[in-house]
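Work through the exercises below with the coordinates open. Each task is followed by a stepwise solution.

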Amino acid sequence: MEATLNFEEKDWLACCGSTKFAKEMASASPFSSLDQAVSAARDIWFNKVDVNGWLEAFAAHPQIGQSSAPAAASHAASEWSKGEQSTAISTASTSILQELADWNARYRQKFGFIFLIFASGRSSGEILVELKKRYENRPIVEFEIAAQEQMKVTELRLAKLFATRTRSAATEDRVSIIGGHFTPTPEASSGKPSQEVPTRTRPPITTHILDVSRGSPAAGVEVLLEMWQGAQPRPSFGERGDVGGWVYQGSSKTNTDGRSGQLTSIVDAVKPGIYRISFNTGEYSPSGFFPYVSIVFEIRESQKLEHFHVPLLVSPFSFSTYRGS
């Protein structure tokens with residue numbers, strides 16, 4: 001069961017630059033899950049925040065092609081903006097950046113606000129094509145599209161906010177556990193051997209998928225976990241000799257909350273090694289861009305007692321992931 005998480009108004013403001021949105025989220029909190037927070041956020045954004053609030057949120061974003069957020073933005077919002085535009089910035093040539101700047105200026109002159117798009121995972125070329133396409137829209141249509149894109153960004157940031165708090169809580173738990181080793185137990189004081197009691201209540205490797213295009217957990221996605229046991233100590237990028245090197249560990253489908261079933265047994269210490277977790281995104285979204293998504297990660301000897309959670313944020317044409325605790 002997930003702990004109830006409470007955040008301050010400034011945290012909600014980092015997710016969406018509307019003060020009305022932040023106040024309403026603070027009033028509606030605490031939330032017991034990310035899904036509950038996303039549901040509340042969608043209701044507040046589309047039903048309680050007015051036009052001025054939408055424009056305020058739009059203005060809190062940097063212009064596409066610029067990684068620096070407005071001076072008034074919080075540190076968290078600034079860092080998230082950089083990450084969201086990292087693919088666009090890294091794939092942009094000088095000429096594309098100049099063209100983006102020119103079209104951004106034309107867009108702002110026509111509509112009165114900056115061009116807003118869910119940029120995570122998108123190249124500068126893709127964004128420029130979309131900017132030119134949306135420039136042809138009528139203002140009322142484009143305003144609604146921009147609000148939808150803002151909500152996608154907000155949902156992504158909510159997931160990051162919850163993941164950050166979860167990692168912090170997990171770190172505190174580990175500190176408490178370590179501290180316990182320095183406190184003599186009754187058995188230790190009496191010289192009697194202590195019995196080792198399993199501390200895990202769930203498998204050491206888990207995953208959770210959020211469909212950011214729908215603003216809800218991705219249910220029914222097939223998940224496969226494998227471990228590298230090939231002839232080479234570790235798989236190498238681009239080599240084709242890894243066939244047969246991946247050994248099946250477990251599989252399941254995500255439930256209605258987007259969480260995987262039991263991919264491994266519940267053990268205190270996970271076996272160190274290199275793992276690959278794959279998501280059958282093609283079956284979940286046949287019209288999407290990715291037939292499947294695989295993530296390779298390593299668990300070292302010093303990490304075998306940790307819990308590894310691999311959240312996936314997925315939409316039909318992009319995905320992103322980050323290490324969870």
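Helices and strands here are DSSP runs, numbered from the N terminus; a helix has at least four residues, a strand at least two. The model is predicted.

**Exercise 1. Locate Pro-30 and describe the peptide bond that joins Ser-29 and Pro-30.**

Step 1. Place the residue. Pro-30 is found in the loop between H2 and H3.
Step 2. Read omega. The value is about 10°.
Step 3. Assign the bond. Ser-29 and Pro-30 are joined by a cis peptide bond.

**Exercise 2. Describe the surroundings of Ser-18.**

Step 1. Find the element. Ser-18 sits in the loop between helix H1 (9-15) and helix H2 (19-28).
Step 2. Check exposure. Its relative accessible area is 0%, so Ser-18 is buried.
Step 3. Look at the side chain. A polar atom of the Ser-18 side chain lies 3.1 Å from the backbone nitrogen of Phe-21.
Step 4. List contacts, leaving aside neighbours within four places in sequence. Ser-18 is in contact with Leu-13, Trp-45, Val-49, Gly-53, Glu-56 and Ala-57.

**Exercise 3. Decide whether Cys-15 and Cys-16 are bonded or unbonded through their sulfurs.**

Step 1. Recall the chemistry. A disulfide is a covalent bond between the sulfur atoms of two cysteines.
Step 2. Set the cut-off. The two sulfur atoms must be within 2.5 Å.
Step 3. Count. The model has 0 disulfides by this rule.
Step 4. Check Cys-15. This residue is in no disulfide, and the nearest cysteine sulfur, that of Cys-16, is 8.4 Å away.
Step 5. Check Cys-16. Its closest cysteine sulfur is in Cys-15, at 8.4 Å, so the pair is too far apart for a bond.
Step 6. Add exposure. Cys-15 is buried, at a relative accessible area of 0%. Cys-16 also counts as buried, at 1%.

**Exercise 4. Test the length of helix H7 (residues 94-111), then find its buried face.**

Step 1. Compute the span. The 18 residues of H7, at 1.5 Å a residue, should span 26 Å.
Step 2. Compare. The end C-alpha atoms are 26 Å apart, which agrees.
Step 3. List the buried residues of H7. They are Leu-100, Trp-103, Asn-104, Tyr-107 and Phe-111.
Step 4. Look down the axis. The buried residues of H7 fall within an arc of 115°, so they line one face of the helix.
Step 5. Recall the geometry. An α-helix has 3.6 residues a turn, so residues three or four places apart point the same way.
Step 6. Turn to the other side. There Thr-94, Ser-95 and Gln-109 are exposed.
Step 7. Check what follows. Gly-112, just after H7, takes a positive phi of about 90°.

**Exercise 5. Which residues of the largest nonpolar core touch the most other members?**

Step 1. Name them. This core has 48 residues, of which Trp-12, Phe-21, Met-25, Trp-45, Phe-58 and Leu-158 touch the most other members.
Step 2. Rank the sources. H9 gives the most to this core, with 10 residues.
Step 3. Follow Trp-45. Beyond four places in sequence, its contacts include Cys-16, Ser-18, Phe-21, Ala-147 and Met-151.
Step 4. Look elsewhere. Another core, of 20 residues, lies apart from the largest one; among its members are Val-270, Tyr-275, Phe-279 and Val-293.

**Exercise 6. Place Pro-311 and relate this residue to Ile-209.**

Step 1. Find the element. Pro-311 belongs to strand S7 (residues 308-315).
Step 2. Check exposure. Its relative accessibility is 8%, so Pro-311 counts as buried.
Step 3. Compare sequence and space. Pro-311 and Ile-209 are 102 residues apart along the chain, and 5.7 Å separates their C-alpha atoms.

Terms used:
Residues numbered from 1 in each chain as written. Predicted model: local features only at pLDDT ≥ 70, side-chain atom pairs only at ≥ 80, totals over all residues. Heavy atoms only, no water. Buried < 20%, exposed > 50% of the residue type's maximum accessible area, 1.4 Å probe, protein only. Polar contact = N/O pair within 3.5 Å; in protein donor to acceptor, adjacent residues only side chain to side chain. Contact = heavy atoms within 4.5 Å. Expected span 1.5 Å × (residues − 1). Arc of directions from axis to C-beta. Core = buried A, V, L, I, M, F, W, Y, C linked by side-chain atoms within 4.5 Å.
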